[in-house]
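Biologist: I should like a close look at one part of this model, namely its salt bridges. Please set out which residues pair and where they lie, and then turn to the neighbouring topics of surface and helix geometry.

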Amino acid sequence: MATQSQIDANRINAQKSTGPRTPEGKAKSRRNALQHGLTAKTCMLVDEDPDDLIDLVDEIREKFDPQDTDEDFLIERMAKARIRYNRIMPIEAAIFNLRLVVDKAPPPLMEAQGETCQPAWAYMRDANGGNALSKLSRYETSLLREYDRSRQELEKLHIAQNPQPSPAPAAAPSPEACPEPTISGFEWVESRY
């Protein structure tokens, strides 16, 4: 348990805190732990244009024509998943380029395997090491699933809100129109099973 002098010293030190005080500083520090943005709570990164997200939301809205706030929510989820998904290919290319520069394949392997050796070496080293590419693949799969689930839910809502009249049942053909099946040269045997 802390003594009273420790509690007092802690209070004095807390008043000397130099954390961000302005709204701009607080907004900036909020992203301090952001690393790649694939699982970020905020959708747009500092170097991304928010208008791209707005344009994408508008494009998806135009395609699906949301009728209520639930459908609009699904459209926003789809847009956010697509924005994050679009980050994956540049990150994947950067990972490979970094591995190709930093982690060179041994010269005997390069001589034996040729040009394809270095990308294969980079991939194998990744699979044995930090698994950055497999993690990236999992993010990709997760984001595609999120987009697809949202699209399916949106389509279900559209169907539920705009039911199509069921077509009239087709008239059954008359018995005269359906000839008896015949099997030439074989005798029809009733099965016991």
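Modeller: What follows is an account of the salt bridges, then of a nonpolar patch and of helix 1. The model is a predicted one, and the remarks below should be read accordingly.

In general terms, side chains of opposite charge can pair when their charged atoms come close. With a salt bridge taken as a side-chain nitrogen of Lys or Arg within 4 Å of a carboxyl oxygen of Asp or Glu, the count comes to nine salt bridges.

I begin with Glu146, which takes part in two pairings described here. One partner is Arg77, and the closest N and O atoms of that pair are 2.7 Å apart. Arg77 belongs to helix 4 whereas Glu146 belongs to helix 7 (residues 132-161), so this salt bridge ties together parts that are 69 residues apart in sequence. Another partner of Glu146 is Arg149, with 3.4 Å between the closest N and O atoms. In this case both residues, Arg149 and Glu146, are in helix 7, and they stand three residues apart, about one turn of the helix. Arg149 has a relative accessible area of 39% and is therefore partly exposed.

Helix 7 holds a further pair. The side chains of Asp148 and Arg151 form a salt bridge with an N to O distance of 2.2 Å. Asp148 and Arg151 are again three residues apart within helix 7, about one turn of the helix. Asp148 has 28% relative accessibility and so counts as partly exposed; Arg151, at 22%, is likewise partly exposed, given that buried means under 20%.

Elsewhere, salt bridges link Asp58, Arg61, Asp72 and Glu76 in a network.

Turning to the surface, Leu98, Val101 and Val102 make a nonpolar patch of about 330 Å². Of these residues, Val101 is found in helix 4, which runs over residues 69-102. Val101 counts as exposed because its relative accessibility is 62%, and the cut-off for exposed is over 50%.

Helix 1 concludes the account. It comprises twelve residues (residues 4-15), and at 1.5 Å a residue these should span 16 Å; the end C-alpha atoms are 17 Å apart, so the expected and computed spans agree. Helix 1 is also hardly covered, as the number of buried residues among its twelve residues is zero.

Terms used:
Residues numbered from 1 in each chain as written. Predicted model: local features only at pLDDT ≥ 70, side-chain atom pairs only at ≥ 80, totals over all residues. Heavy atoms only, no water. Patch = residues over 30% accessible without salt bridge, like charges linked within 9 Å, V, L, I, M, F, W, Y side chains within 5 Å. Areas by Shrake-Rupley, 256 points an atom, 1.4 Å probe, with all protein chains shown as cover. Helix = DSSP H or I, 4+ residues; strand = E, 2+ residues; numbered from the N terminus. Buried < 20%, exposed > 50% of the residue type's maximum accessible area, 1.4 Å probe, protein only. Expected span 1.5 Å × (residues − 1).
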